[in-house]
Amino acid sequence: MSEQNFLVELGTEELPPKALRSLGTAFADNLKQELTSADLPFSQVHWYAAPRRLAVYVTGLSLAQADKQVEKRGPAVQAAFDADGNPTKAAQGWARGNGIDVSQASRLKTDKGEWLMHIADIKGQAAAELLPAMVEKALSHLPIPKAMRWGDKSIQFIRPVHTLTLLLGEQLLTATILGLESARTIRGHRFMGEPEFALDHADNYLQTLENTGKVLADFERRKAIIKDGVAKAAAAAGGIADLDADLLEEVTSLVEWPVVLTAHFENNFLEVPAEALVYTMKGDQKYFPVYDAAGNLMSTFIFVTNIESKDPSQIISGNEKVVRPRLSDAQFFFDNDRKATLASRLEQLDNVLFQQQLGSVREKSERISALSGFIAAAIGADQAKAERAGLLSKCDLVTDMVFEFTDTQGVMGMHYARHDGEDEAVALALKEQYQPRFSGDELPSQDISAAVALADKLDTLVGIFGIGQTPKGDKDPFALRRAALGALRIIVEKGYNLDLPILIEQARALYGDKLSNANAADEILDFMLGRFRAWYQDLGYGVDVIQAVLARRPTRPADFDARMKAVSEFRKLDAALALAAANKRVGNILAKFDGEIPAQVNPALLQDDAEKALAAQLSELSARLTPLFANADYNSALNELATLRESVDNFFDQVMVMADDEALRLNRLSLLNQLRNLFLQIADISLLQ
């Protein structure tokens, strides 16, 4: 048999649930890379991961490397022999290293000389000999942020290890990895099935582990079982489960034998805002909330246990008892918080530090209020409501509910504002001020919310840059990259005609004399424009298109977006590459010229038909392009400019730009400068590839 299936399993203590998938996939990827590098053919590599094990299963693995011939070049012939034709020490040492005599070497002749050559027959190694070292290397390169030691051992891993199994078919491979000797011993479920058993064959891993050990090692299978079970349980209760992707992933990583159960809490808890209840159910208890058809939270929740019980009601009752105190806390905090208005909490924000050099959160709130009003006026939103929302934006940070359940900030502000009788637009803005929180998150739904969200993000950017604490490497403690990208998304996707330098200066002025970095405004602008690069690359735009637009440094994000879309479409035209090359040529000619180029073309100095035709077309186009540029209709403008291709080609074919006559030369340079400036109103298309 030339092929066999291979299994490696590492048995451990409970692995970090949020890292389980990455550990499993990395183990498989690393081993796959080792097999490929060793020229050991295989069919497929599968990864398995459960709370107390990592495993990789390789199918169709060749039992040995293929034999091969390797050419080993020796010293040049003139250096291999002395004047008497005897082998030199260099030749003898090379031959000895290859297990031959110098006389057995062949010759390699090239146009650069002649060398000694030996063609060695290399016999392929057996897979059984290679696999232990490969597994060890694959494990050593797992993404483990912090390894640990256990007992009196010096060995380190992410968690203590207890078993190691390497099976090539039915053959147990001899190996010692992480202080463990390979054995057939596999550990089953802690409370069900056999605690330990011997595995006879690599192919029987999943089935034996399931039947004998009561463990489902296949991560994706467990996940599918949980997802289907939770959905069915919710439907049986007359609702729809919140199958949050991250929660589903984490629960899958916590159980070896998933059993889905349904439980309930008292209806009076539903008087508390659903967000607080959901936060504790999902975050603390790993429960799946259930909603009715109208989207209202139900008093039903679903959880996944790791054991089959003869009396599931005991497990259900236990979980209901566990969650009840947490929900009672939320209810108490909610009732207690409503005894004081949000506005009355402003004074408490004096005691909450935003940043040591930048003052308190109350000062930040007052700056956000002023900047929100400025932005609201610029985008046609209600200025007074934006200012009010900005002022109250951080008041919920000092409530009991948010102190205990931090992820409810903003949301609780909205609920408390409604209770206080604040305008609904103000209340909604308190919830939406943090949006977008992450890539792909929803934007604020109304202009007042957008104004507050922009003001908050810009205040943080300007303040932190203003004291010289810019992000470095992967260190970004104030999440400035996320703030910058969020601000850009709001402006672009909502089509606001806002200019970054104006916003930055307005935010800077509100800090008074707190800021020390004189270059902050320029640094912030560069930083925000730099976010465009990653954003548009993620959207699928070519790097050259991004560079072409960035070269013009448009500071209005919505205008930047319009240019990006127009240049991307222009790039698809037949004329695009020719005009890009022409623009590059024009740019090089103008860059090399040392002197002043006339602002206007003199028609009397136009001689050749090609330059007359280009000048006439440019004059006509300039008039048509002016209103298009004014309306930022860059797509139409570039379509107009694309009609220049034939005239530009004829000009370069028929006209000598650098004529001996100075007046003629300057006039032609002026014509080219006019051509280039029309394109530069949109982008530097000479950068298109």
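Q: How do you know which classes make up the lining of the largest cavity?
A: Start with the residues themselves. In this predicted model, the lining consists of Glu9, Gly11, Thr12, Arg52, Arg53, Thr163 and Arg187. Asp, Glu, Lys and Arg count as charged, so Glu9, Arg52, Arg53 and Arg187 go into that class. Gly is placed among the polar residues, and Gly11 therefore joins Thr12 and Thr163 there. The result is no nonpolar, three polar and four charged residues.

Q: What makes this space a cavity, and how many of 30 Å³ or more does the structure hold?
A: A cavity is a set of points where a 1.4 Å probe fits but cannot get out. The structure holds one of 30 Å³ or more, and the volume of the largest cavity is about 30 Å³. Strand 1 (residues 3-12) contributes the most to the lining, with three residues.

Q: Which residues lie nearest the centre of the largest pocket, and what surrounds them?
A: Lys394, Gln409, Tyr434, Asp456 and Arg482 lie nearest the centre, out of 23 lining residues. The space amounts to about 720 Å³. Strand 17 (353-355), helix 10 (361-379), helix 15 (447-466) and helix 16 (480-493) each supply at least two lining residues, and helix 15 has the largest share, three. By class, the lining has 13 nonpolar, three polar and seven charged residues.

Q: What makes up the lining of the second largest pocket?
A: Here 22 residues line a space, with Asp244, Tyr279, Lys282, Gly283 and Asp407 nearest its centre. Helix 1 (20-37), helix 7 (245-254) and helix 8 (274-284) are the elements that give two or more residues. Helix 8 gives the most, with six. The class count is nine nonpolar, three polar and ten charged residues, and the volume is about 620 Å³.

Q: Why is aspartate 561 called buried?
A: Buried means under 20% relative accessible area. Aspartate 561 has 11%, so the residue falls under that cut-off. Aspartate 561 sits in helix 20 (residues 557-570). Leaving aside neighbours within four places in sequence, aspartate 561 is in contact with Val492 and Tyr536.

Q: Why does proline 436 count as buried, and what is in contact with it?
A: The relative accessibility of proline 436 is 5%, under the 20% cut-off, and therefore the residue counts as buried. Beyond its neighbours within four places in sequence, proline 436 is in contact with Asp441, Glu442, Leu443, Lys457, Gly486, Arg489 and Ile490. Proline 436 lies in the loop between helix 14 (424-432) and helix 15.

Q: Which form does the peptide bond from glutamine 435 to proline 436 take?
A: That bond is cis, with omega near -10°.

Q: Why are aspartate 39 and alanine 632 called partly exposed?
A: Partly exposed covers what lies between the buried limit of 20% and the exposed limit of 50%. Aspartate 39, at 48%, falls in that range, and so does alanine 632, at 31%. Aspartate 39 is in the loop between helix 1 and strand 2 (44-50), while alanine 632 is in the loop between helix 22 (609-630) and helix 23 (634-642). Neither is a glycine, yet aspartate 39 has a positive phi of about 55° and alanine 632 likewise has one of about 55°.

Q: How do you know that the span of helix 10 is close to the expected value?
A: Helix 10 has 19 residues and reaches 26 Å from its first C-alpha to its last, which is close to the 27 Å expected at 1.5 Å a residue. After helix 10 comes glycine 380, with a positive phi near 80°.

Q: What makes serine 360 a cap for helix 10?
A: A polar contact needs a pair of N or O atoms within 3.5 Å. A side-chain oxygen of serine 360 lies 3.4 Å from the backbone nitrogen of arginine 362, so the pair meets that distance limit at the N-terminal end of helix 10.

Q: Which elements do the buried residues of helix 10 pack against?
A: They pack against strand 17, strand 18 (359-360), helix 11 (383-392), helix 15 and helix 17 (500-510). Among these buried residues are Ile368, Leu371 and Ile375.

Q: What makes helix 25 mostly covered?
A: Of the 19 residues in helix 25, 14 are buried. At the start of helix 25, a side-chain oxygen of aspartate 661 reaches to within 3.0 Å of the backbone nitrogen of alanine 663.

Terms used
Residues numbered from 1 in each chain as written. Predicted model: local features only at pLDDT ≥ 70, side-chain atom pairs only at ≥ 80, totals over all residues. Heavy atoms only, no water. 1 Å grid on protein atoms, 1.4 Å probe; cavity = no way out; pocket = protein on both sides within 12 Å on 5 of 7 lines; lining within 4 Å. Points joined across faces, edges and corners; volume = space filled by probe spheres on them. Helix = DSSP H or I, 4+ residues; strand = E, 2+ residues; numbered from the N terminus. Buried < 20%, exposed > 50% of the residue type's maximum accessible area, 1.4 Å probe, protein only. Polar contact = N/O pair within 3.5 Å; in protein donor to acceptor, adjacent residues only side chain to side chain. Contact = heavy atoms within 4.5 Å. Expected span 1.5 Å × (residues − 1).
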